[in-house]
Amino acid sequence: MLLSVALSACGTAPEGPTWRVGDPTVEQVSAASPSPSPSPSPSPSPSLEPVPDELVPEFGDGGFATAKGSQEVIGTGRTLITYRVEVETGIEWGDVEPVTADGFAAVIDEVWHDRRSWAGSAAAPITAPEHGLADASWRFQRVSGPQYAVRVRLATPGTVDAQCAAQGYDTGGKFSCKIGNTILINLRRWLQGSPISMSVEGYHAGVINHEMGHYLGFDHMGCPGKGELAPAMMQQSMGLNGCIVNPWPYTVGGEFVTGPYLTS
Ligand SMILES: [Zn+2]
């Protein structure tokens with residue numbers, strides 16, 4: 001049941017703007033460090049408003065549409081991770097702006113374009129025997145064909161609950177899970193962010209990094225110390241334990257944000 005406990009709360013990952021705007025050290029380093037992404041910049045007014053709970057579509061038809069085309073390889077890490085992006089079909093969006101497969105894919109692609117993501121790992125490969133990793137680093141490429149390493153799906157709470165429960169995971173209508181090489185992202189949290197989130201965008205980066213981190217071999221981590229950045233693999237919305245909320249596996253300076261390995 002270790003995996004059940006570990007994965008059932010996966011959608012509870014992190015957040016960005018708190019430390020983007022709240023930690024002057026990070027801001028300072030960020031400003032001095034060229035980045036392919038604008039996301040380290042302060043963003044006092046997030047563009048995505050959390051969708052009210054009653055408007056979140058609860059069910060789709062269980063089918064999935066695949067994002068078209070492919071992307072260039074992002075990052076220069078040792079292991080190429082090809083990923084396919086899909087969004088559930090048959091969703092009645094009502095007043096909510098529909099999330100298309102291409103739109104979902106664009107968000108994920110953008111996460112890898114940030115050097116603080118796993119795609120920045122070539123600069124600081126990871127050796128972590130507790131996670132089964134030795135000098136590990138990765139690069140990413142989105143594909144749309146039948147050949148892929150991992151599939152990232154955005155699905156309604158009803159579908160996530162059903163598919164994750166079939167594998168023994170309780171996602172409670174809001175969490176995400178990973179089943180084999182399929183990551184199931186819960187539409188509720190995707191539209192709302194997490195309770196500790198300062199922005200929906202930050203949650204997006206956090207949940208993608210967290211769930212992909214599981215695919216890459218990481219288990220959960222704890223807070224390394226009061227006032228430290230929370231590891232991306234920490235279940236941050238279940239308690240920060242003194243850490244600073246953080247959706248990224250690396251700092252703007254390229255250091256891996258790690259913490260004590262949790263066995264449950
Ligand atoms: Zn997790």
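Student: Which residues in H4 meet His204, Ala205, Ile208 and Asn209 in H7?

Tutor: This model is predicted, and the contact in question joins helix H4 (101-112) to helix H7 (200-216). By class, the contact of H4 with H7 has 5 nonpolar, 2 polar and no charged residues. The residues on the H4 side are Val107, Ile108 and Val111.

Student: Is H4 roughly parallel or roughly perpendicular to H7?

Tutor: The axes of H4 and H7 are 10 Å apart, and the two helices pack at an angle of about 75 degrees. Angles of 65 to 115 degrees count as roughly perpendicular. Therefore H4 stands to H7 as roughly perpendicular.

Student: How many helices and strands does the protein chain have?

Tutor: The chain has 264 residues, of which 48% count as buried. Among its contacts with a separation of 6 or more, 73% are between residues 24 or more positions apart. Its elements number 7 helices and 8 strands.

Student: Which residues of the largest nonpolar core touch the most other members?

Tutor: This core holds 55 residues. The elements that give two or more residues to the core are S2, H4, S5, S6, H5, S8, H6 and H7. The members that touch the most others are Val85 and Phe104.

Student: Which element gives the largest share of this core?

Tutor: Helix H7 is one of the elements that give two or more residues to the core. The largest share is 8 residues, and it comes from H7.

Student: Leaving aside neighbours within four places in sequence, with which residues is Val85 in contact?

Tutor: Val85 is, with Phe104, one of the two core residues that touch the most other members. Sequence neighbours within four places are left aside here. The contacts of Val85 are then Ala67, Ala101, Phe104, Ala105, Ile108, Arg142 and Val152.

Student: How many of the 10 residues of S2 are buried?

Tutor: Strand S2 spans residues 79-88 and is among the elements that give two or more residues to the largest nonpolar core. S2 is mostly covered, and its buried residues number 7.

Student: Do S1 and S2 run parallel or antiparallel?

Tutor: Strand S1 comprises residues 64-66, and 3 bridges join it to S2. Within this pair, Ala65 has Val87 of S2 as its bridge partner. The sense in which S1 and S2 run is antiparallel.

Student: Which residue in S5 stands opposite Leu80?

Tutor: S2 and S5 pair over 5 bridges, in the parallel sense. Strand S5 covers residues 138-142. The residue of S5 opposite Leu80 is Arg139.

Student: Which residue in S6 stands opposite Glu86?

Tutor: S2 also pairs with S6, in the parallel sense and over 5 bridges. In S6, Val150 is the residue opposite Tyr83. The residue opposite Glu86 is Arg153.

Student: What is the bridge partner of Arg153 in S8?

Tutor: S6 and S8 run parallel and are joined by 5 bridges. Arg153 of S6 stands opposite Glu86. In S8, the partner of Arg153 is Leu184.

Student: Which residues of helix H5 are buried?

Tutor: Helix H5 consists of residues 157-165. What covers its buried residues includes strands S2, S6, S7 (177-179) and S8 (182-186), together with helix H6 (187-192). The buried residues themselves are Pro157, Thr159, Val160, Asp161 and Cys164.

Student: Is His210 buried or exposed?

Tutor: His210 is found in helix H7. Its C-alpha is 8.1 Å from that of Met234, although the two residues are 24 apart in sequence. Because a residue counts as buried if 20 or more other C-beta atoms lie within 10 Å of its own, and His210 has 28 of them, His210 is buried.

Student: Is Asp135 buried or exposed?

Tutor: Asp135 has its place in strand S4 (residues 133-136). Its phi is near 50 degrees, a positive value in a residue other than glycine. A residue counts as exposed if 12 or fewer other C-beta atoms lie within 10 Å; Asp135 has 8, so Asp135 is exposed.

Student: How many other C-beta atoms lie within 10 Å of Asn241?

Tutor: Asn241 lies in the segment after H7. It is not a glycine, yet its phi is positive, at about 50 degrees. Asn241 is partly exposed, and the number of other C-beta atoms within 10 Å is 15.

Note on methods: Residues are numbered from 1 along each chain as its sequence is written. This is a predicted model: local features need pLDDT of at least 70, side-chain atom pairs count only at pLDDT 80 or more; totals for chains, interfaces and linings use all residues. Helices (H or I, at least four residues) and strands (E, at least two) are DSSP runs, numbered from the N terminus. Two residues are in contact if their C-beta atoms, placed from the backbone, lie within 7 Å. A nonpolar core is a set of buried Ala, Val, Leu, Ile, Met, Phe, Trp, Tyr and Cys residues joined through C-beta atoms within 7 Å. Axes are lines fitted to C-alpha atoms, for helices over the stretch in contact, and angles run from 0 to 180 degrees between N-to-C directions. Angles under 35 degrees count as roughly parallel, over 145 as roughly antiparallel, 65 to 115 as roughly perpendicular and the rest as oblique. Ala, Val, Leu, Ile, Met, Phe, Trp, Tyr, Cys and Pro count as nonpolar, Asp, Glu, Lys and Arg as charged, and the others, Gly among them, as polar. Two strands pair if DSSP finds at least two bridges between them.
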